[in-house]
Amino acid sequence: MTAEHDLVALRPEQPTIPPEHPWNRLPVIGAVCAVLGIVVCAILGMGNPKQFFFSWLVSFLFFLSLALGALFFVLIQYASQGGWGIVLRRIGEITFATVPMMAALFIPVLFGLHDLFSWSVPGAAEHDALLQWKAPFLNIPFFLIRAALYFGIWSFIALLYYRGSRGQDVTGDPRVSARLRRFAGPGIIVLALTSTFASVDWIMSLTPHWYSTMFGVYFFAGSFVGFIALLSVVAVAMRQAGLLDTVISAEHLQDIGKFLFAFMVFWTYIAFSQFFLIWYGNLPEETIWYRARMEGSWLTVSIFLMAGHFAVPFFYLMGRAVKRRNSTLAVGGAWLLAMHFVDLYWQVMPTLHPEGLRLSALDVAAFVAVGGCFVAAASWLMRRQALVPLRDPRLAESLAFENV
Amino acid sequence: MPLLRPQLPTGPHYGILAEFATPTDLYHACERVRDAGFTRWDAHTPFPVHGLDKAMGLRRSPLPWIVLVMGLTGAAGGFGLQWWVHADAYPLVISGKPYFAWPAMIPITFELGVLFAAFGAVFGMLGLNRLPMHYHPLFKSKVFERVTDDAFFISIESWDPRFDPSATGKLLESLGARSVELLES
């Protein structure tokens, strides 16, 4: 009667990148960008190491947050036994499979600890009661142990799900899905805790005197929006490039759009709640962070963020037709991806430039370097496998998915 | 527009009711009725039949626009009211904040936006469905009692320009109807 009950099957040529396809060149393009970016970073960074470390941190956090957002997305799909998104899951799996590489890209940050984190400078806590109070947490050995722990846990979860899903491509064993589903609930909790602490370590502690109890959720919300935005851009790019163009339908695009809209609003809710309580309570150890962002050109960035990360996309993404068309959804996704970068930039950079927004060539170089590595790794993984989980028990359901 | 036109056909006949045994029969019958160009008709099922709106050729509901307008009205009203109260009518210094302390007004603006949007959704839906309706000729039919149980129906109303008591009935029979009934107003 309806498509839902028909068994829809993939044609064998559909789910892989064909041999002569232009996307086969992406790993090389990414690698060239990465090398160029790293060389420029090295040259410019010699003269201005502080700027380099901050620029690198922003770009590192941006791509890491996309990978973590992907991990959340896939685990939630498993935990909720979602059917619609199976055809999109491999994009998420490839995105979070870059987590171990992100650990390597974190190494430059370690060389800039003193430049980035004022609490790490020897003697910083000596005449500072608040830093002394926080010293049991904010000290270099514990910071390094935690970083190793985060990357260990994230890599473990990422590889567990990546390998599980790829293994199922070969065996078609439905028990893989059941096993990964059982692990998804606890996995989400572990992921929430580690990403919260990571955001405290790597973003909040840039302003070591600051207190905020909502920052972890704020980081999660931004990461999730970031990944869904990336997903919408990649899904549309694939359709345009003739990959999965008959697999990912307007119905899937609409659901990506709904996710994008919903989590954009969720980000706003969390961002405003964090600001609102601090603004209302008006306690100095909480307001310092916002004060730095409400003066001079940082205020302009703050207002731009409110408009660009909420007001404009709120009305843009509300309609149904916008979410179902390739071009319009990709514009919305690309815009929010850019806004996610602005958001992280706005969180990190006022520590380095409290006097106002100071764009640097190193911002671009670091972005190209980290982004090049990310694109190279992800597109290299894409070439090596099917672009959808071939033998997931719910694949037929996802292929036939229709919005009511 | 649906609010302004009369709810039921005038004249001696309400229309024709056809009963189908399975959702599949109903689905395909709906496609044929749609393709025959009927405009004032409906399908009745005990449970939602996926894709039936397409088979019936239904246009998208104007309800989202009602919800949008109501939501914006609520949000603007909530914000405007607080603005007027705090900055103009009763200017009081609260917690050392400025009179026009916009962050403090956001929660109520949000709540009123949601409240009015929900009103728009519920009452807009009732209005578009012309509910509440205290009388409907369909309930005179004995077989129609099974609409909440195990039977599937198409009703074509007599004020449809293509309606003809005998020809329309024959059409529905040819589509596999188990029974066809002409209903009085």
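A residue counts as buried if 20 or more other C-beta atoms lie within 10 Å of its own. Keep that cut-off handy for these exercises, which work on a predicted model.

**Exercise 1.** Work out which residues of strand β2 of chain B point to the buried face, and find the bridge partner of B:Ala43.

*Solution.*
- Step 1: walk along β2, residues 41-44 of chain B, and you'll see the side chains alternate.
- Step 2: sort them by face. B:Trp41 and B:Ala43 point to one face and are buried; B:Asp42 and B:His44 point to the other and are not.
- Step 3: look for the neighbouring strand. β2(B) pairs with β3(B) in the antiparallel sense, over four bridges.
- Step 4: pick out the partner. Across from B:Ala43, the bridge goes to B:Ile154 in β3(B).

**Exercise 2.** Inspect the backbone of the loop between α4 and β3 of chain B, around B:Arg130 and B:Pro132.

*Solution.*
- Step 1: recall the usual case. Most residues other than glycine have a negative phi, and most peptide bonds are trans.
- Step 2: check B:Arg130. Its phi is positive, about 55 degrees, although it is not a glycine.
- Step 3: count its surroundings. B:Arg130 has 13 other C-beta atoms within 10 Å, so it is partly exposed.
- Step 4: move on to the peptide bond from B:Leu131 to B:Pro132. This one is cis, with omega near -5 degrees.

**Exercise 3.** Compare the span of helix α2 of chain A with the expected value, then decide how enclosed the helix is.

*Solution.*
- Step 1: take the ends. α2(A) covers residues 49-79, 31 residues, and reaches 44 Å from its first C-alpha to its last.
- Step 2: set that against the 45 Å expected at 1.5 Å a residue; the two are close.
- Step 3: look at burial. Of the 31 residues, 27 are buried, so α2(A) is largely enclosed by the rest of the structure.
- Step 4: see what follows the helix. After α2(A) comes A:Gln81, with a positive phi near 50 degrees.

**Exercise 4.** Locate A:Asn282 and say whether it is buried or exposed.

*Solution.*
- Step 1: find the loop between α11 (250-281) and α12 (284-292) of chain A; A:Asn282 lies there.
- Step 2: read its phi, which is positive at about 60 degrees, though the residue isn't a glycine.
- Step 3: count neighbours. A:Asn282 has 11 C-beta neighbours inside 10 Å, so it counts as exposed.

**Exercise 5.** Describe the side of chain B that touches chain A.

*Solution.*
- Step 1: count the contacts. Eight residues of chain B meet seven of chain A.
- Step 2: assign elements. Those giving two or more residues to chain B's side are α1 (23-35) and α4 of chain B.
- Step 3: classify the residues on that side: five nonpolar, three polar and no charged.

Notes. Residues numbered from 1 in each chain as written. Chains lettered and ligands numbered in written order. Predicted model: local features only at pLDDT ≥ 70, side-chain atom pairs only at ≥ 80, totals over all residues. Buried ≥ 20, exposed ≤ 12 C-beta atoms within 10 Å, placed from the backbone. Pairing = 2+ DSSP bridges. Expected span 1.5 Å × (residues − 1). Contact = placed C-beta atoms within 7 Å. Nonpolar A, V, L, I, M, F, W, Y, C, P; charged D, E, K, R; others polar.
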